[in-house]
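Here is a friendly walk through a protein model, one region at a time. Have the viewer open beside you as you read.

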Amino acid sequence: MEWAWRNRDQVLELFWQHTWLSVVPLVVGFLLAVPIGWYASRHPRLRGTLLGVGSVLYTIPSLALFVTLPGIIGTGFLDPLNVVVALSIYAVAIMVRTAADAFESVSPAVLDSATATGYSSRQRGFGVELPLAGPVLLAGIRVVSVSTVSLVSVGALIGVASLGSLFTNGYRRDFLTEIVVGLVGIVVLALVLDALLVLAGRVLMPWDRHSERAKGPFWRRFAGGRVAESGTMALGGDA
Amino acid sequence: MIEYRSVGKTFPDGTQAVASFDLTIPSRTTTVFVGSSGCGKTTLLRMVNRMVDPSAGQVLIDDVDVATQDPVALRRSIGYVMQHAGLLPHRKVVDNVATVLRLNGTGKGAARERALEVLSTVGLDESQSRKYPGQLSGGQQQRVGVARGLAADPNILLMDEPFGAVDPIVRLELQAELRRLQTQLDKTIVFVTHDIDEAFALGDQVVILKKGGEVAQVGAPADILAQPADDFVASFVGLDKGGRSLHVEEREGRKVVVDASGRPAGVLEG
Ligand SMILES: Nc1ncnc2c1ncn2[C@@H]1O[C@H](COP(=O)(O)OP(=O)(O)OP(=O)(O)O)[C@@H](O)[C@H]1O
Ligand SMILES: [Mg+2]
């Protein structure tokens, strides 16, 4: 505890570093995965290919990706961008599947009704499909959020500073406290991000609280069955 | 006036839903398509707002072929009440109704005001208008569906089994309300049902359909009852087996109308 307090500036610095290294891939992954997932949900024949590519990308070990990326995109070895790009790739890889599921979960009857009411296809996409896919998309991004926060720490092994640096340092110096502080920091960050996501969901999707799903047990509130599955996959993958 | 001219529809998978259909629907009247499941009622109805494009023939609204119209604009100009209401689950009741107006370019405030007005016309108050569709009963949702169809004050209102999902009592209530509304509003209504009693209760013109959109008989309810075109129609409207025959019995000096099974249906006046 004392150690953490004495080094609070450094720990906080690492906390913020860790935060943006996690948030940027999340945002990038989300923005890329939503249109790709939407496209996959519309084209059943391409769906398998797109999701297959996603799964393959996700099986590349993170360390391998961190190390080879500089050669591919021409960044320096210690550039945090390597971590950001690598984690964005993972985020897209996982979220594409959830996004496809999310758009497929939207009731065709509702879409038909929107069309019959006179929505143009663009208005329908943004005004009906996207919001109704929202709850499942949220479930997906929550899973990715947790896995990204933990994967950022792997970047410490290639010298990109984050809370993970406390692990590498603590290990080298055989200093347990430092490792524990790093661990606590990561858990706190993961919980805070998750809480923010849940809050955003509440604000942006007020109707979901009244839906059937919301009446079920809390673990089903945000995750449909299929998401729970891809969630297990994602969490298992970052071990 | 809506006109079907030798309209046919074969779906891409080869299903022939409508063979060749001709009909004229006069303005400001209610026409009911009635027939058993799968006979092509919905397909015919959806041809009016181009949710289905015919594979043969034409559909005309006031002598203009709908195929020449922009489908989105056409749909905005026609009210459509769907089976099971078809409301947007993520928009409040009032917004569901206001949506149609917003799409037509009405300002936010005006659209909201008008939405509340139509909602009260169909018997829903302001507190219900702030709920989400999922928080309403089936009957209330159907009322919202009707309100949404009426919101933009369209000349044509298409209704596809709008009262299908409610219990018989609410159903009678909604039918009565629709009749009352129609005397006020004077729309051209095309109504789909598979319930012959509902068809007779609402239709100025009733179209009895057989499989493949084949017309078994078209006419006013009383004419169909008086002169069923064939055995199919007679059985469909329940004239066979004495289903609709009533006779008069004298009871304590009054003429009581009794149905085939002996149950009193009412009292004969005059
Ligand atoms: N998109 C479609 N693709 C292929 N076949 C279709 C399609 N829509 C309808 N059909 C077929 O066309 C026929 C008529 O369908 P339609 O929906 O018009 O029947 P309906 O009279 O409205 O029946 P219901 O009372 O059950 O609603 C049915 O055999 C149906 O299976
Ligand atoms: Mg139908």
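## Helix α6 of chain B and its surroundings

Just after α6(B) comes D153(B), with a positive phi near 50 degrees. Before going further, please keep in mind that this is a predicted model.

The length of α6(B) holds no surprise: its 14 residues, 138-151, should span 20 Å at 1.5 Å a residue, and the end C-alpha atoms are indeed 20 Å apart, so the two values agree. The helix is mostly covered, with eleven of its 14 residues buried. Among the buried ones are G139(B), Q142(B), R143(B), V144(B) and G145(B). The cover comes from both chains: it includes α6 (108-117) of chain A, and from chain B it includes β6, α3, α4 (108-121), β7 and α7.

## Chain A and its bent helix

Chain A has twelve helices and zero strands. Of its 239 residues, 48% count as buried. If you look at contacts in chain A between residues at least 6 apart in sequence, 74% of them join residues at least 24 apart.

Helix α7 of chain A, residues 121-152, is worth a stop. A straight helix of 32 residues would span 46 Å at 1.5 Å a residue, yet the end C-alpha atoms of α7(A) are only 39 Å apart. Where does α7(A) bend? Look at G134(A), where the bend is about 50 degrees; a proline, P135(A), follows within four residues. Like α6(B), which is mostly covered, α7(A) is mostly covered too, with 23 of its 32 residues buried.

## A histidine facing chain A

Now move to H90(B), which sits in the loop between β6 (78-81) and α3 (93-103) of chain B. Is H90(B) buried or exposed? The cut-off for buried is under 20% relative accessible area, and H90(B) has 7%, so this histidine counts as buried.

The side chain of H90(B) reaches the backbone oxygen of G127(A) at 2.8 Å. Leaving out residues up to four places away in sequence, H90(B) touches G127(A), V128(A), P131(A), L132(A) and W207(A) from chain A, and Y132(B) from chain B.

## The hairpin and the sheet of chain B

Near the start of the chain B numbering, strands β1 (residues 2-10) and β2 (residues 16-25) pair in the antiparallel sense over six bridges. I2(B) stands opposite I25(B) in β2(B). Five residues lie between the strands of this hairpin, where G14(B) takes a positive phi near 95 degrees.

Chain B also has an open sheet of six strands with mixed pairing, in the order β6-β7-β8-β3-β9-β10. Its edges are β6 and β10 (214-219); each has a single partner strand, so one side of each is left without a neighbour in the sheet. From one strand to the next, the twist averages 15 degrees. Within the sheet, β3 (residues 30-34) and β8 (residues 188-193) run parallel and are joined by five bridges. One pair to pick out is F33(B) with V192(B), its bridge partner in β8(B).

## Helix α7 of chain B and two positive phi values

Helix α7 of chain B, residues 168-185, lies across β3, β7 (156-160) and β8 of the chain, running at about 165 degrees to β8(B). R179(B) is in this helix and counts as partly exposed, at 39% relative accessibility. Apart from neighbours within four places in sequence, R179(B) is in contact with A201(B) and L202(B). Between the C-alpha atoms of R179(B) and T30(B) there are 9.5 Å, although the two residues are 149 apart along the chain.

Two loop residues deserve a look at their backbone angles. D186(B), in the loop between α7 and β8 of chain B, has a positive phi of about 55 degrees although it is not a glycine; at 38% relative accessibility, D186(B) counts as partly exposed. R28(B), in the loop between β2 and β3 of chain B, has a positive phi near 60 degrees and is likewise a residue other than glycine. With 54% relative accessibility, R28(B) counts as exposed.

Note on methods
Residues are numbered from 1 along each chain as its sequence is written. Chains are lettered from A and ligands numbered from 1 in the order in which they are written. This is a predicted model: local features need pLDDT of at least 70, side-chain atom pairs count only at pLDDT 80 or more; totals for chains, interfaces and linings use all residues. Side-chain values use heavy atoms; hydrogens and water are left out. The expected span of a helix is 1.5 Å times one less than its number of residues. The bend at a residue is the angle between axes fitted to the seven residues ending there and the seven starting there. Buried means under 20% relative accessible area, exposed over 50%, partly exposed in between (1.4 Å probe, protein chains only). Two strands pair if DSSP finds at least two bridges between them. A polar contact is a pair of N or O atoms within 3.5 Å; within protein, one must be able to donate a hydrogen and the other to accept it, and residues adjacent in sequence count only if both atoms are side-chain atoms. Contact means heavy atoms within 4.5 Å. Axes are lines fitted to C-alpha atoms, for helices over the stretch in contact, and angles run from 0 to 180 degrees between N-to-C directions.
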